[in-house]
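Please open the model in your viewer, with a cartoon for the backbone and sticks ready for side chains. The tour below proposes one selection after another and says what to look for at each stop.

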Amino acid sequence: MKIRDFGVEIWMNRYENRCELNLAETCVESLTVEELLDMAGKKETILAELLPMKLTYGAIEGSERLRRLIAAMYDKQAMENVVVTHGAIGANALVHETLVEPGDRVISVLPTYQQHYSIPESFGADVQILKLTAEHGFLPDLTELRRLATPGTKLICLNNPNNPTGSLMDRDFLLQVVEIARACGAWILCDEVYRGTDQEGDGMTASIADLYEKGISTGSMSKTYSLAGLRLGWIVGPKDLLHAVSIHRDYNTISVGMLDDHFAAIALENRDKILARSQAITRTNLAILAEWVEGEPLISWVKPKSGTTALLKYDLPLTSEAFCIKLLERTGVMLTPGSAMDMEGHLRIGYTNGEAVLREGLGRISAFLQEEQAVLAA
């Protein structure tokens with residue numbers, strides 16, 4: 001099997017340990033173990049929970065405790081509709097591996113996480129790209145989706161809230177997508193790792209698993225819950241689908257780590273506190289970023305409605321990779337080039353690290369833009 005280089009991951013691996021200010025980060029600022037235990041009131045008692053644990057394989061599909069907590073984040077799901085995975089990256093890969101065969105029609109939005117088009121492409125699928133555009137608010141063009149969703153289409157891949165644009169499909173919009181999928185018999189895989197970060201209301205958008213009998217939701221502890229170090233995610237979907245997934249999962253997972261499972265359960269038992277923290281960070285920092293964009297003549301965007309990232313369009317005669325390398329070398333600030341997401345002419349910024357990091361990084365980007373503009377004018 002041949003597969004394309006994973007653009008974003010290669011970029012992050014190459015540069016994230018060489019930057020001073022990381023504005024390429026996609027997680028809400030990570031929690032320390034101490035912060036998590038303080039939230040849970042377990043700082044003084046955690047060793048009593050951990051020391052008796054024998055470090056063997058954990059529950060194969062994830063502990064019942066954790067799977068019940070995950071199911072509780074959905075409207076219509078039970079523990080039996082949940083399987084725990086090695087991050088959302090493992091969840092997405094397992095779904096593609098389970099469903100997609102050579103020649104199958106797979107529709108994926110773009111931009112999105114590259115897994116959703118490169119993995120099925122590597123399996124020999126007929127991958128159709130549904131391009132998201134600023135003109136449509138980076139939401140899928142439903143007329144185009146209907147055209148692409150021919151009878152027998154196997155899978156429609158969505159990302160909601162979207163990475164990198166922060167666009168958000170609400171319940172009514174998702175129900176229109178469901179109509180299209182149902183008409184052609186397609187599954188819908190919705191990568192929902194940023195669910196819980198909406199800028200309005202309680203922060204939780206509807207999940208495809210609750211809206212469609214062939215809807216599959218993937219999620220993780222990494223982005224909204226600030227615990228990427230646990231490397232823990234999940235698939236939520238119909239029981240028959242999860243049985244088929246588990247056949248593949250037996251070959252590459254066995255179980256997630258017992259400590260990862262345990263700490264994820266602690267976090268989800270205190271999810272209201274974590275969500276309140278995450279929403280305070282995402283909403284405060286997006287307002288800071290919005291004010292900055294409004295004051296930068298070389299930068300334009302569609303303001304995100306959710307998520308932790310924004311897609312910035314810039315007006316300079318540089319490729320996005322050249323822009324990011326020059327910016328990093330000159331200022332120590334790291335962004336992600338649009339070319340790593342097949343979106344040349346754009347930059348992805350992650351705005352949910354600490355407020356001080358964001359403000360300092362934006363100031364340095366402004367100075368860089370002014371310098372580049374002066375060079376052009378000379």
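The stops go from the sheet to a helix, then to some backbone details and a group of rings.

**The sheet**

Keep in mind throughout that this is a predicted model. Begin by colouring the strands, and you should be able to trace an open sheet of seven strands in the order β2-β8-β7-β6-β5-β3-β4, with mixed pairing. At its edges lie β2 (82-85) and β4 (126-131), each of which pairs on one side only. If you look across the sheet, the twist from one strand to the next averages 20 degrees.

Now add helix α4, residues 64-71, which packs on the sheet and touches β2 and β8, its direction making about 115 degrees with that of β2.

**The pair β7 and β8**

Select residues 215-220, which are strand β7, together with residues 233-236, which are strand β8; these two strands run antiparallel and are joined by four bridges. For one such position, show Thr218, whose bridge partner in β8 is Ile235.

Then bring in helix α6, residues 115-122, which also packs on the sheet: α6 touches β3 (105-110), β4, β5 (155-159) and β6 (187-191), and its direction makes about 155 degrees with that of β3.

**Strand β3 and its neighbours**

Stay with β3 and show its side chains. Strand β3 is mostly covered, with six of its six residues buried. In a regular strand the side chains alternate between the two faces of the sheet. Here Arg105, Ile107 and Val109 point one way, while Val106, Ser108 and Leu110 point the other way.

On one pairing, β3 runs parallel to β4 over six bridges, and Val106 stands opposite Val127 in β4. On another, three bridges join β3 to β5, again in the parallel sense, and the partner of Val106 in β5 is Leu155. Val106 is therefore a convenient residue to centre on, with bridge partners in β4 and in β5.If you show β3, α6 and β4 together, you have a right-handed β-α-β unit.

**Helix α10**

Move next to helix α10, residues 239-249, and display Leu241, Leu242, Val245, Ser246 and Arg249, which are buried. Looking down the axis of α10, you will find these buried residues within an arc of 140 degrees, so they line one face of the helix. The face turned away from that buried side carries Asp240 and His243, which are exposed. To see what covers the buried residues of α10, add β2, α5 (87-99), β6, β7 and β8, which are among the covering elements.

**Backbone details in the loops**

Which peptide bonds are cis at Pro111 and at Pro164, and where do these prolines lie? Select Leu110 and Pro111, where the bond between the two is cis with omega near 10 degrees; Pro111 belongs to the loop between β3 and α6. Then go to Asn163 and Pro164, which are also joined by a cis peptide bond, here with omega about 20 degrees, and note that Pro164 is found in the loop between β5 and α8 (171-184).

The loop between β7 and β8 deserves a separate selection, for Ser226 lies there and Arg231 has its place there. Ser226, although not a glycine, has a positive phi of about 60 degrees, and Arg231, likewise not a glycine, has a positive phi of about 50 degrees. As for their surroundings, Ser226 counts as buried at 1% relative accessibility, whereas Arg231 is partly exposed with a relative accessible area of 41%.

**A cluster of rings**

For the last stop, display the aromatic side chains; the structure holds four aromatic pairs. In one of them, the rings of Tyr314 and Phe323 have centres 5.0 Å apart and planes at 45 degrees, so this pair is tilted. Tyr314 counts as buried at 7% relative accessibility, and Phe323 is buried with a relative accessible area of 0%.

Turning to the other ring beside Phe323, you will find that the centres of Phe323 and Phe368 are 5.1 Å apart and their planes are at 70 degrees, so the pair is edge-to-face. This pair links distant parts of the chain, since Phe323 is in helix α13 (residues 320-331) and Phe368 is in helix α14 (residues 355-377), 45 residues apart. Phe368 is buried, as is Phe323. To finish, show Tyr314, Phe323 and Phe368 at once, which ring pairs link into a cluster.

Methods:
Residues numbered from 1 in each chain as written. Predicted model: local features only at pLDDT ≥ 70, side-chain atom pairs only at ≥ 80, totals over all residues. Heavy atoms only, no water. Pairing = 2+ DSSP bridges. Axes fitted to C-alpha atoms, helices over the stretch in contact; angles between N-to-C directions. Contact = heavy atoms within 4.5 Å. Buried < 20%, exposed > 50% of the residue type's maximum accessible area, 1.4 Å probe, protein only. Right-handed = clockwise from strand over helix to strand, strands pointing away. Arc of directions from axis to C-beta. Phe/Tyr/Trp six-rings, centres within 6.5 Å; stacked < 30°, edge-to-face > 60°.
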